[in-house]
Amino acid sequence: MQNSDFPDSLILKLKQAEVLRYGENPHQGGALYLNPDDKRPGVATARKIQGKELSYNNLQDADTAFECVAEFDEPACVIVKHMNPCGVAVGESVHEAYLRAFACDKVSAFGGIVALNSKLTAVLATELVQIFLEVVIAPDAEEDALRILSAKPNVRVLLTGGMPDPAQKRLTMRSIAGGILVQNADDMVFDGEVKTVTKRAPTAEELSDMMFAFTVCKHVKSNAIIYAKNGATVGIGAGQMSRIVSAKIAAMKAEEGNISLKGSVMASDAFFPFPDCVEEAARVGATAIIQPGGSLKDQDSIDAADKANIAMVTTGIRHFRH
């Protein structure tokens, strides 16, 4: 962190792009302003191919989805509802990635945002028109895909022309009464190697899934618990005041979708103050856990993991998201 990142005076030169139909709710006004100096590909500057006017909530949700899907090098899909991913997956193609992301939570995907990190194909478009979606955002699309999506003229289809760089050094801002909070963007997932803290080290497959799940955690509202298996989320618990409740919600969502968590891994955006989340992971059949570590009671969670023969690694980096 450099003091030079935060000048004594901060002058924003923004230009109004459009007045929105309303803000977060119909009784609130809203508008979109653009920063002419910000060339980051994303929803604000995307080319809209078709669809209804973008709402305030559409813009926020699409931004969340697109920033998350940009984390992955392989073909990936992120489905977002109310600023939280409800399904994330990688695959051999974006079509496969979408099917695997959609399988995580088919109910929440209804009325959601679908974000891709590679060209939208006609094969995938055929799947997308089967459900109600608000927005589809991708860097590019096949002409046949656009033709297929035109059968759903209200769906907003956005093409960005490129992907944002998750590691780009930049500032983020949020207004509070009387001022603006400014911080460096959360521009990393890991900071060096993870550390195995249990008697059993993770297998290569478990480690791969843990890296995937912790990456997803970065984009889920705190307290965040993710279950993942074979490069796809299989349970997501988001935005709860208690971490154990997020863990229970993630398991409940998986059960509702008839998804087994046996052989999955658990990821947490912050450390475990108690061993209850480890015990919950063991109950549902997870075999490995990734978490930042740093609690005064880390050993309690490590002991619980050892008792259940769960491999645990710590990252040393937290990903709170409010």
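The paragraphs below lead through a predicted model, beginning with one helix and ending with a sheet and the helices packed on that sheet.

Helix 1 covers residues 56-69. Its 14 residues should span 20 Å at 1.5 Å a residue, and the C-alpha atoms at its two ends are indeed 20 Å apart. Of these 14 residues, 10 are buried, so helix 1 is largely enclosed by the rest of the structure. The buried residues are N58, L59, D61, A62, T64, A65, F66, E67, C68 and V69. What do they pack against? Their neighbours are strand 2, strand 4 (76-81), strand 5 (84-90), strand 6, strand 7 (133-138) and strand 8.

One of the buried residues of helix 1, E67, deserves a closer look. Its relative accessible area is 15%, which is under the 20% that marks a residue as buried. E67 forms a salt bridge with R40, and the closest N and O atoms of this pair are 2.8 Å apart. R40 sits in the loop between strand 2 (31-34) and strand 3 (47-50), so 27 residues separate the two partners and the pair links distant parts of the chain. R40 is buried as well, with a relative accessibility of 12%.

E67 has another salt bridge, this one to R170, with the closest N and O atoms 3.7 Å apart. R170 belongs to the loop between strand 8 (156-159) and strand 9 (171-176), while E67 lies in helix 1, so this pair ties together parts that are 103 residues apart in sequence. With a relative accessible area of 23%, R170 is partly exposed. Through these contacts R40, E67 and R170 are linked in a network of salt bridges.

How many salt bridges does the structure hold? There are 12. Among them is a pair formed by K253 and D105, whose closest N and O atoms are 3.2 Å apart. K253 is in helix 6, and D105 is in the loop between helix 2 (94-104) and strand 6 (112-116); the two are 148 residues apart, and the pair links distant parts of the chain. K253 is partly exposed at 22% relative accessibility, whereas D105 is buried at 12%.

Cysteines come next. A disulfide is a covalent bond between the sulfur atoms of two cysteines. This structure holds zero disulfides. C86 is in none, and the nearest cysteine sulfur, that of C104, is 7.2 Å away. For a disulfide, the sulfur atoms would have to be within 2.5 Å. C217 gives a similar picture: the closest cysteine sulfur to its own is in C68, at 10 Å, which is too far for a bond. Are these two cysteines buried or exposed? C86 is buried, with a relative accessible area of 8%, and C217 is buried too, with 0%.

The last part of the walk is an open sheet of six strands, arranged in the order 11-16-15-14-12-13 with mixed pairing. Strand 11 (195-196) and strand 13 (233-237) stand at the edges; each has a single partner strand, so one side of each is left without a neighbour in the sheet. Further in, strand 15 (residues 288-291) and strand 16 (residues 311-314) run parallel and are joined by four bridges. One of the residues involved is A288, whose bridge partner in strand 16 is A311.

Two helices pack on this sheet. Helix 5 (residues 204-217) touches strand 12 (225-228), strand 13, strand 14 (265-268), strand 15 and strand 16. The direction of helix 5 makes about 35 degrees with that of strand 14. Helix 6 (residues 243-256) touches strand 12, strand 13 and strand 14, and its direction makes about 140 degrees with that of strand 13.

A single residue of helix 6 can serve as the final stop. S246 is found in helix 6, and S246 is buried, with a relative accessible area of 0%. Which residues is S246 in contact with, leaving aside its neighbours within four places in sequence? They are N223, A224, I225, G237, A238, G239 and Q240. Of these, I225 falls in strand 12, which covers 225-228, and G237 falls in strand 13, which covers 233-237.

Key: Residues are numbered from 1 along each chain as its sequence is written. This is a predicted model: local features need pLDDT of at least 70, side-chain atom pairs count only at pLDDT 80 or more; totals for chains, interfaces and linings use all residues. Side-chain values use heavy atoms; hydrogens and water are left out. Two strands pair if DSSP finds at least two bridges between them. Contact means heavy atoms within 4.5 Å. Axes are lines fitted to C-alpha atoms, for helices over the stretch in contact, and angles run from 0 to 180 degrees between N-to-C directions. A salt bridge is a side-chain nitrogen of Lys or Arg within 4 Å of a carboxyl oxygen of Asp or Glu. Buried means under 20% relative accessible area, exposed over 50%, partly exposed in between (1.4 Å probe, protein chains only). The expected span of a helix is 1.5 Å times one less than its number of residues.
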